[in-house]
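Q: Could you walk me through one part of this structure up close? I'd like to hear about the largest cavity, what lines it and what the strands around there are doing.

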Amino acid sequence: MKQKMAKKLLCIAVAGMMMPMAAQAADADLQLKVDKLTQDVNDLTATVQRNQDRSLSKWLSIGGAYRFRVDSLHGETVGYTNAPAFMGALQQNPVFTNFFADPQTQGLLGTTTYAGVSTLTPNAMMTNLATYLVNTGAQPDLNAAFGYLQQQAGTAYVPAYKPKNETLYTNKFSLDLHAKALQDVTVNVKLDMYKTFGNSNDSATMGNFFADRVGTFDGTLGYVPSSSLLNVDRAYATWSNIAEQPVWFSVGRRPSTDGAPSNLRQNNPRPGNGGTPALLVDYAFDGMTIGYAPDIEALPGFYTKLCYGRGFDSGFQGTSTNSLKDTDMLGVAVIPVDTDPLRVWIQYNRGFNIFDFPVM
């Protein structure tokens, strides 16, 4: 009896000793499973992060707008002499053959000394033509010369009429792209299309629809009706945080259109520090900018920038048919305060070699 009792007590003791060992083994197995699950979660998180970094939305944002408009235009003119038609009639006149064949002689129209007047006006230009007739012997005196010119002008006279366009439909589409190319390098692009229904060239700006336009220029593409092509309104790259300083450099087709306060009329977000006040500049051009934006507690949002642009490239120089020079622009902007409720902008612009009538 005592032996049986001793065996039972021994079995119970051995069993008691084995239970902690089994529990420890179970805890170790559970810990391995937890560690593996943690590693799997970390690997999954890293994979998701890599996929997000590679996703299109991480480095590229796309926006745009579409506008449809209906106009009904009516007007009334008075009789007038059409200047281009008048000059065209003179070009067909053998008396002025040499005049229009020589660009330097044509330049007499733009001089005040030839006409003997101090201010160049349309009458002064007419006086230059009359003086040319007298000097070449085509007419005996100024009175006869003016009479001859009046006779020629009669062929270009346009009687009064009432122009109208009952319905004019236009559509305007813009596509905005913002890409983060590198850590501190961004690229911004804005493409525009602006055209009339049933018309796909710039004849809409040549007097058929809008009397205040004489052509579509490089800086007005996308802002006056022309073709159905997407024109580049802006395309520029910006390098920020240069040398880990609040300095940026930007080059390309500048964000010089749709600036403040025109964004209020168009219900668009206000332009950033790359914009230009639309009251001063609202014309697309190519150029570059260097800016500086230090953190000044007394002047929240302060930044300043120096801008350079080219509005017209004249091509080869030194030829008898090209007296134009490149047209450049220099701008200095100081923005002492730029906050949500208030922006103070000081701007200086200077244009160089501006001319009056570019090649269309």
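A: In this predicted model, 16 residues line the largest cavity, and the ones that lie nearest its centre are Ser256, Thr276, Phe285, Thr289 and Cys307. What kind of residues make up that lining? It's a mix: seven are nonpolar, seven are polar and two are charged. As for the space inside, you're looking at about 130 Å³. If you count cavities of 30 Å³ or more, you get one.

Now for the strands. Three of them, β8 (286-292), β9 (303-312) and β11 (343-352), each give at least two residues to the lining of the largest cavity. The largest share comes from β9, with three residues.

Follow β8 and you'll find how it pairs up: β7 and β8 run antiparallel, joined over seven bridges. To spot this pairing on screen, look for Val247, which stands opposite Tyr292 in β8. On to another partner of β7 (residues 247-253): β6 (residues 231-239) pairs with β7, again in the antiparallel sense, over five bridges. Here Thr238 has Ser250 in β7 as its bridge partner.

While you're exploring, have a look at the nonpolar cores too. The largest one has 14 residues, and Phe86, Leu90, Phe96, Phe99, Leu129, Leu133 and Leu149 have the most contacts inside it. Two or more residues each come from α3 (83-91), α4 (97-101), α6 (122-135) and α7 (142-153). Apart from that core lies another, of five residues, including Trp248, Tyr303, Ile335 and Trp345.

Notes. Residues are numbered from 1 along each chain as its sequence is written. This is a predicted model: local features need pLDDT of at least 70, side-chain atom pairs count only at pLDDT 80 or more; totals for chains, interfaces and linings use all residues. Side-chain values use heavy atoms; hydrogens and water are left out. A nonpolar core is a set of buried Ala, Val, Leu, Ile, Met, Phe, Trp, Tyr and Cys residues joined through side-chain atoms within 4.5 Å. Buried means under 20% relative accessible area, exposed over 50%, partly exposed in between (1.4 Å probe, protein chains only). Helices (H or I, at least four residues) and strands (E, at least two) are DSSP runs, numbered from the N terminus. On a 1 Å grid over the protein atoms alone, a cavity is a set of points where a 1.4 Å probe fits but cannot get out, and a pocket is an open set with protein on both sides within 12 Å along at least five of seven lines; lining residues have an atom within 4 Å of a point. Grid points are joined across faces, edges and corners, and a volume is the space filled by probe spheres set on the points. Ala, Val, Leu, Ile, Met, Phe, Trp, Tyr, Cys and Pro count as nonpolar, Asp, Glu, Lys and Arg as charged, and the others, Gly among them, as polar. Two strands pair if DSSP finds at least two bridges between them.
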